[in-house]
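This briefing reviews selected local features of the structure shown below. It takes up the ligand environment, then the metal sites, and then individual residues and helices.

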Amino acid sequence: MNTVTIDPITRIEGHLKVELEIEGGRVQSAESSGTLFRGLEEMLRGRAPRDATRITQRTCGVCPAAHAMASALALDDAFHIKNQIPPNGRLIRNLLLGANFIQSHVLHFYHLSTLDFVDPEVLQKQAADDPELASIYNHLQSSSGEPFGPQYSGDYRLSPEITADLLRDYLQGLEIRKKAHELSAIFGGKMPHNMGSVPGGTTNKPDLDMITKFQARLDEIQQFITRRYLPGTIELCQAYSDYFDIGQGVNRFLEYGGFYLQNVSDQALSTPTGLKGGVLNLEKETLDKVNLTQIVEEVTHSWYSDQSQGHPEEATTEPRSNKEEGYSWVKAPRYNSRPHEVGPAARMMINYKRGHQTVVSQLQDALDKTHADLKQIPSVCGRHLARAVECKIVAQLMSQWGEQLQPGQPSAAQYDIPEKGQGVGLTSAPRGTLGHWLQFDDRKITNYQMVVPTTWNASPRDRAGYAGPMEQALQGTRIEDSDNPLEAARIVRSFDPCMACAVH
Ligand code: NFE
Ligand code: MG
């Protein structure tokens, strides 16, 4: 048995260590550890409830709008105003979240993942005739190779032309992310950590100038997604088609649904959303409604006290760094006592199975072009493909929502803050599905629990010994060279882990 430790895994967000036990060239078992403690949930205790929307966004610079959305929804619920949000407020929240999806997905593909598949040597050969490629080449020459290296390398199969295209789009992707940030700034003041999302709706009324600026930028972004990002992902998946069978995982998938199409009147789970939710079991071929009572966070192998375990309405977050069985600061969320994968792969499969027409047509088209099957979506290539398809669909939906804005009309409801209350906010986030649960008394937060996408995906083992989704995706993988475990790095990156979010 040979132990391979990758610590840290680079080109992801945050601090992640992965330990692989390899025998006969295959991963026998894997452990993923979140090596950073943060304690944001504890910091919220004793604060005014509305601080949650400002503070929880600091969980992450990559997906702050998702935390803004979840906390605002939880406060709407707790303040009994969830059916009073003006249409502008609901739409602008969706636009802020959508802009965050776009910047995050483009970031993940070009700036974090593509470098696993493109040969930097191509730069040297092509830089002479291409100023864009020359700029990357010169940068690499004047640094110690960052952000391309040091990295596991090899198994480069893309033609020099496709490689050069992806590297040009690496630069173009930075411009597109800037434009997506500008979308957030139009309605939320800034990115990251917008000031737009508040309980009751959003802070500013849309006017024609804002809407025009928004649609102009979104148009440019949509062209990039349609002409570059999705086709580039398809080309990559065609060249690496064996990666549709590598990194499979748990076969169970969860998504609450997100981008509300009307106000949350009764409960979030039954309100129509732009992307639908569900619980999918690919093995048993079942697709069920989400039942929130089935969510429990376990801490058997996480560095937390026993009180930190349970349903998010009851659990707390108390660090116990000396716990012997512990190997991660990430809790282990379980649905129905089993690990579930969350993310664009889960979301696109669930929406496909639920007959979301745009998802069915766009995802099927991408699958046809890559000669892959829906069942292969939980894989390295499948996750990249699902993310790119989702990015295109979210941008299309945003364009429709932008047209529905009513210039000059209010975007926030009036309300009084009750003495005490509790609420839950559920949303889609770029990396999966996100829930915030809060309770407050005497207008001070008494408990705040976030169950976060990467907490699901990068979770350690649970009480019953079931490994987390990313751990299971690594198990059984053939590693050609244990000194250069690039297969493992590709699997981990396909989940787009954000460890700052996971440990929060
Ligand atoms: Ni820090 Fe996040 C997303 C949330 S992931 S990126 O997407 O919520 O765990
Ligand atoms: Mg939590």
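The residues surrounding ligand 1 are C60, C63, H67, A429, P430, R431, L434, V452, P453, T454, C498 and C501. The model is a predicted one. Within that shell, 9 residues are nonpolar, 2 are polar and 1 is charged.

**Contacts of ligand 1**

- P430 places a backbone N or O atom 3.2 Å from an oxygen atom of ligand 1.
- For R431, a polar backbone atom lies 2.6 Å from an oxygen atom of the ligand.
- T454 also takes part through its backbone, with a polar atom 2.8 Å from an oxygen atom of ligand 1.
- P430, R431 and T454 all belong to the set of residues around the ligand.

**Iron and nickel atoms of ligand 1**

- The iron atom of ligand 1 receives a single donor from the protein, the SG atom of C63, at 2.3 Å.
- C63 sits in the loop that runs between α2 (51–55) and α3 (64–78).
- A distance of 3.3 Å separates the iron atom from the nickel atom of ligand 1.

**Magnesium site (ligand 2)**

- Three protein atoms serve as donors to the magnesium ion: OE of E41, O of M450 and NE2 of H504, at 2.1 to 2.2 Å.
- Along the sequence these donor residues follow the spacing E-x408-M-x53-H.
- E41 and H504 connect distant parts of the chain, being 463 residues apart: E41 belongs to helix α1 (residues 40–44), while H504 lies in the segment after α15 (499–503).
- Both E41 and H504 are buried.

**Buried residues in strands**

- H436 is located in strand β14 (residues 432–441).
- H436 is classed as buried because its relative accessible area is 0%, which is under the 20% cut-off.
- The side chain of H436 forms a polar contact of 2.7 Å with the side chain of Y448.
- G274 is located in strand β8 (residues 273–275).
- With a relative accessibility of 5%, G274 likewise counts as buried.
- The C-alpha atoms of G274 and Q262 are 9.9 Å apart, and the two residues are separated by 12 residues along the chain.

**Helix α7**

- Helix α7 comprises 29 residues (residues 160–188) and spans 41 Å between its first and last C-alpha atoms, close to the expected 42 Å.
- A bend of about 30° occurs in α7 at L171.
- Immediately after α7, G189 adopts a positive phi of about 85°.

**Helix α8**

- Helix α8 comprises 32 residues (residues 208–239), and the distance from its first C-alpha to its last is 45 Å, close to the 46 Å expected at 1.5 Å a residue.
- At I225, α8 bends by about 40°.
- At the start of α8, a side-chain oxygen of D207 comes within 3.2 Å of the backbone nitrogen of D209.

Technical notes: Residues are numbered from 1 along each chain as its sequence is written. Chains are lettered from A and ligands numbered from 1 in the order in which they are written. This is a predicted model: local features need pLDDT of at least 70, side-chain atom pairs count only at pLDDT 80 or more; totals for chains, interfaces and linings use all residues. Side-chain values use heavy atoms; hydrogens and water are left out. Helices (H or I, at least four residues) and strands (E, at least two) are DSSP runs, numbered from the N terminus. The expected span of a helix is 1.5 Å times one less than its number of residues. The bend at a residue is the angle between axes fitted to the seven residues ending there and the seven starting there. A residue is near a molecule or strand if one of its heavy atoms lies within 4 Å of it. A polar contact is a pair of N or O atoms within 3.5 Å; within protein, one must be able to donate a hydrogen and the other to accept it, and residues adjacent in sequence count only if both atoms are side-chain atoms. Ala, Val, Leu, Ile, Met, Phe, Trp, Tyr, Cys and Pro count as nonpolar, Asp, Glu, Lys and Arg as charged, and the others, Gly among them, as polar. Donors are N, O and S atoms within 2.8 Å of the metal (3.2 Å for Na, K and Ca); water is not among the atoms, so sites may look incomplete. Buried means under 20% relative accessible area, exposed over 50%, partly exposed in between (1.4 Å probe, protein chains only).
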